[in-house]
Every structure is written in C-alpha cells, then in structure tokens.
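Grab a pencil and open the viewer. Below are some short exercises, each with a solution that goes step by step.

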Amino acid sequence: MVSTINDNPFSMEAIYQPYDFYNRLREYEPVYYNEELEVWMITSWEHLVWVTRHPEAFSSSVYARDVRAPNPPIDEDDMEIYNFIKKWQVSRFIQHDQRRYNPEVSGADHVDMRRVMHGYFTPKSMEMWRPLVQSAIDELLDAVEEKGRMDVMADLATPLPLLVIARMLGIPDSDRPKLRELAKDLRFLNRDGPDRMGPLSQAVKNLQDYISPLVAERVESPKDDLISVVAEGERQGIFNRDMTINNVMLLLSAGHETTINLICNGTLAFTQHPDQWADLKSDPEGKTVRATEEALRYDSPVRSIQRIAVDDIEMNGQTIRKNDRVRWFIPGANRDPKVFDRADDFDIERYPNQHVAFGSGVHHCLGATLARLEGQEIFRNLANRFDKMELEIPVEQVEYDHVLTFRAVESLPVTVTSAR
Ligand code: HEM
C-alpha cells in the first residue's frame with residue numbers, strides 16, 4: 001500500500017500528538033503495513049484484541065522467531081552483543097509461547113513459568129501491600145506539600161513503584177539508589193537502532209551481576225519475598241539459573257517503569273481537566289477506582305508491543321505473511337470510537353471501560369492489580385491533599401521520551417495548593 005498519510009511512529013507528530021496520529025491511521029487502515037519499517041501497525045481495539053488472544057497465530061517469542069538479519073545490518077562485534085541480548089530476551093517469560101500454540105517450545109513453557117509467580121499477584125495478596133503504598137505516598141506528599149510544588153516524575157512517580165517492587169523482591173532499602181541507577185540503564189531496551197545495543201548489554205550485565213548473588217542466596221535458603229518465589233521455580237526445574245535472574249529483572253523493570261507513566265500521565269490529565277479533578281475531589285474514596293481505569297485508557301503508559309506472525313493470515317482483507325513483524329498500538333485501540341463513546345474525552349465516571357492498557361490474552365499484565373492499587377492510592381491521596389494542581393509550563397512544552405514502547409514524559413512540573 002502506498003502511504004498517503006504520516007505512518008512513522010517515530011515522527012514528532014506520533015510522539016507529541018499520538019491520538020491524532022493513531023486515530024488517523026486507524027481510520028485509514030487499522031491493519032496497516034509500514035513498508036519502510038517492515039512492520040504491520042494494528043491500531044483498532046478489535047484487531048488488537050484478536051492478535052493478543054490468538055497466540056497460535058501471533059507469537060510473543062519475538063527474538064526467537066525473528067528470522068531476518070538485523071535491520072540496519074550490524075558488524076561482527078555487534079552481532080555478538082546482539083546474540084547476548086537475544087539470549088537474555090528469550091529467557092524472560094514475557095517472550096515465551098505456550099507449547100500447545102508453538103510445538104517448537106522445549107522445556108518449560110509460558111504457562112509453567114507464569115504459574116510460578118501467579119499466586120503472588122492475586123488481588124487478595126496484593127491488598128497486603130496497600131498500607132506500605134499508603135505510607136510511602138504519605139511521606140512523599142508531605143515533602144511535596146511543604147514545597148508547594150513537585151516534579152511529578154522525580155518526586156512521586158519514580159520513587160513509589162521502585163520502592164514497592166524492591167520491597168516485594170526483598171532487596172535491601174539501602175541498595176535502592178544503586179538499584180535505581182542500574183534499572184535506569186535498562187531504558188536502552190526500549191530504544192531503537194543499533195547504537196543502543198552496547199549500552200543495553202552493559203546495563204543487562206550490570207543488573208544481572210547485582211541480582212545474581214541475591215538469587216543464589218534465595219535458592220539456598222528461601223525467604224518470604226518475591227525473589228524466593230521465582231527461585232522456587234528454579235528448584236522445581238522450571239527455570240535454570242539464568243532464567244531465574246532474568247525473570248527477577250523482568251519483574252523489577254516491568255514493576256516500575258510502566259507505573260511511573262500511569263502516575264505522570266494521569267496527573268497530567270487531571271491538570272488539563274479541572275472538571276474531572278473537581279469530580280474526583282468530590283468523593284476521592286468512591287471515585288478513585290474508575291478514575292484510575294480512565295487514566296489508564298486516556299493516556300496509556302504502554303504505547304506498543306510486538307508479535308511475530310506464525311503463518312500467513314488474513315486480517316481485515318490484508319495478508320500478513322509468516323514471520324512478519326506485527327506491532328499493536330494501545331493509544332489507537334484505547335481511543336477507538338467503535339468501543340468507547342466520546343473516546344477522546346477524559347471522563348472519570350466512564351463505565352464500562354474495556355481499555356487494553358494491560359494488553360489482553362495469555363500475556364495480560366501479571367502486575368495489573370499492583371499497578372491499579374498504586375494508581376488508585378496516588379490519585380486518591382492527591383485529591384484528598386490538594387485543592388489545586390497546576391502545570392507550571394504550557395502543556396505543549398511537556399517533553400516525551402521518543403521510545404516506541406512507552407508513553408513517558410521526561411518531567412512534569414506541577415504547583416499544588418494544599419487543601420488544609
Ligand atoms: C505484561 C502493561 C505494571 C509485570 C504486560 C503487558 C502490558 C503491560 C501491556 C502485555 C505484554 C504482552 O502482551 O506482550 C503494564 C502497565 C502497567 C504494568 C500499563 C502499569 C500501569 C506492571 C507491574 C508488574 C508488571 C507493576 C510487576 C510487578 C508484567 C509482567 C508481564 C506484563 C511480568 C508479562 C506477563 C506474561 O507474559 O505473561 N504489562 N504493566 N506489570 N507485566 Fe505489566
């Protein structure tokens with residue numbers, strides 16, 4: 001198809017006016033082939049859900065199945081690094097298939113791996129963490145209230161999810177600054193282009209070196225923490241040591257990077273919609289659950305995720321070929337007017353709200369309950385504490401990270417007026 005519209009997801013428009021960009025692409029062709037990037041772009045809710053719910057047709061084993069040479073081509077030194085990254089990626093269960101959908105899977109499959117951790121993340125067990133979340137938010141907001149302002153990113157969104165997931169994993173509090181640095185470097189995972197590979201492989205190695213002794217200790221003598229839960233998978237023969245380490249890393253990074261964006265994007269939405277802020281303030285306890293769902297839908301923390309087509313398949317009259325790369329775009333699906341009335345409005349009373357911010361199907365976010373809990377507590381506490389929240393810069397000046405995976409602000413300066 002010859003493109004007559006902007007189809008470049010890295011363009012300034014796609015980064016800064018994503019909803020215009022993805023709305024237009026969805027209206028033009030919801031199952032669109034981008035010839036330059038050699039990738040299918042899925043932007044409608046219906047097709048996104050189909051792709052995620054048919055793992056027999058669209059595989060998550062992106063690295064394992066990507067049979068083409070890296071594009072642009074890379075030299076031999078880089079190839080070694082590329083292979084290291086590939087090995088790391090395929091050991092994480094987020095990129096594993098179930099054997100019944102992909103007979104090539106050997107050893108433990110996605111279901112076995114996910115089962116190891118599933119019990120830890122049930123709504124009931126997550127409730128136990130609410131008091132910790134509440135007291136951490138109290139401490140952070142005390143400091144904000146005193147200053148009368150915050151950079152939402154630095155003062156609230158970064159420290160909270162990292163503290164919570166680090167506590168869950170059983171990482172000592174004193175290591176948190178170091179952990180923050182190490183985890184920050186993993187951002188290269190979501191960069192594109194060949195320049196990222198060196199820094200990414202270094203970041204992966206550094207974090208593996210940090211986590212490795214903690215894992216060894218838990219395999220020997222389990223404690224009451226999440227590293228021990230993953231280590232139990234090793235004792236049962238589901239993970240080997242590399243996989244245990246790499247899946248702990250997955251929980252660490254997935255457990256905070258995305259929630260940061262929920263907190264920032266949701267707070268930004270409230271500063272831009274005073275009527276919705278007033279509505280939340282009228283009953284923070286009663287309204288925070290739906291408000292958090294709407295924040296997740298309206299400006300979703302995750303932008304895009306990739307799959308690989310297992311065989312030729314027809315979709316919306318197009319033929320997707322075996323081994324084609326397929327990317328689904330959450331900002332397109334979550335503003336799809338076929339599913340959401342007044343899809344471009346921020347409406348915290350919206351119900352039902354069938355957003356796909358956490359994906360869907362077998363890889364649906366394992367940590368969704370935790371992310372929701374953190375979002376609910378943040379928005380409830382902000383509404384209880386502050387009468388006003390005002391963005392200190394024009395909204396057009398908010399800078400975004402240019403990555404495809406996340407919708408992530410660089411910083412978010414906000415002035416707050418205390419309700420007390
Ligand atoms: C998977 C989004 C928070 C752990 C996913 C997926 C999405 C997502 C879209 C699907 C990936 C796919 O289909 O390939 C989010 C968002 C979050 C969030 C928007 C916050 C607002 C968390 C937290 C944790 C977590 C707090 C852990 C503590 C995971 C894991 C997977 C996953 C382990 C892989 C599940 C699997 O492959 O079976 N997440 N996530 N996420 N998420 Fe989250």
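Before we start, here is a term for Exercise 1: helices (H or I, at least four residues) and strands (E, at least two) are DSSP runs, numbered from the N terminus. Keep in mind that this is a predicted model, where local features need pLDDT of at least 70, side-chain atom pairs count only at pLDDT 80 or more, and totals for chains, interfaces and linings use all residues. Residues are numbered from 1 along each chain as its sequence is written.

**Exercise 1. The five-stranded sheet**

Task: work out the order of the strands in the open sheet of five strands, and find which helix lies across β1, β2, β3, β5 and β8.

Solution.
- Step 1: two strands pair if DSSP finds at least two bridges between them.
- Step 2: reading across the open sheet, you get β1-β2-β8-β5-β3, and the pairing is mixed. At the edges sit β1 (31-34) and β3 (58-59), each with pairing on one side only.
- Step 3: check the pairs. Four bridges hold β1 to β2 (residues 39-42) in the antiparallel sense, with Trp40 in β2 as the bridge partner of Tyr33. β3 and β5 are also antiparallel, over two bridges, and there Phe58 stands opposite Ala309. β5 and β8 run antiparallel too, joined by five bridges, and Ile308 faces Arg325 of β8.
- Step 4: now the helix. For angles, axes are lines fitted to C-alpha atoms (for helices over the stretch in contact), and the angle runs from 0 to 180 degrees between N-to-C directions. Two residues are in contact if their C-beta atoms, placed from the backbone, lie within 7 Å. The helix you want is α3 (residues 45-53), which runs at about 125 degrees to β8 (325-329).

**Exercise 2. An enclosed strand**

Task: explain why β5 is largely enclosed by the rest of the structure.

Solution.
- Step 1: get the cut-offs straight. A residue is buried if 20 or more other C-beta atoms lie within 10 Å of its own, exposed if 12 or fewer, and partly exposed in between, with C-beta atoms placed from the backbone.
- Step 2: count along the strand. Five of the six residues of β5 are buried, so the strand is largely enclosed.

**Exercise 3. The three-stranded sheet**

Task: find the order of the other open sheet, the one with three strands, and the helix that packs on it.

Solution.
- Step 1: the order is β4-β10-β9, with antiparallel pairing. The edges are β4 (149-151) and β9 (386-391), each pairing on one side only.
- Step 2: from one strand to the next, the twist averages 25 degrees.
- Step 3: helix α14 (residues 241-272) packs on this sheet, where it touches β9 and β10, and its direction makes about 95 degrees with that of β9.
- Step 4: look at one pair. Five bridges join β9 and β10 (residues 413-418) in the antiparallel sense, and Met389 stands opposite Val416.

**Exercise 4. Around the ligand**

Task: say which element gives the most residues to the shell around the ligand.

Solution.
- Step 1: a residue counts as near if its C-beta atom, placed from the backbone, lies within 6 Å of the molecule or strand in question. Of the 25 residues around the ligand, Gly255, Gly359, His363, Cys365 and Gly367 come nearest.
- Step 2: α14 and α18 (368-385) are the elements that give two or more residues. The winner is α14, with seven.

**Exercise 5. Leu141, buried or exposed?**

Task: place Leu141 and describe its surroundings.

Solution.
- Step 1: look in helix α8 (residues 130-147) for Leu141.
- Step 2: Leu141 is buried because 21 other C-beta atoms lie within 10 Å.
- Step 3: setting aside neighbours within four places in sequence, Leu141 is in contact with Asn381 and Arg385. Its C-alpha atom is 9.9 Å from that of Phe386, although the two are 245 residues apart along the chain.

**Exercise 6. A covered helix**

Task: how many of the 11 residues of α10 are buried?

Solution.
- Step 1: α10 (residues 159-169) has nine buried residues, so counted by the cut-offs for burial the helix is mostly covered. Among them are Leu160, Pro161 and Leu169.
- Step 2: the cover includes α8, α9, α11, α13, α14 and α18.
- Step 3: after α10 comes Gly170, with a positive phi near 90 degrees.
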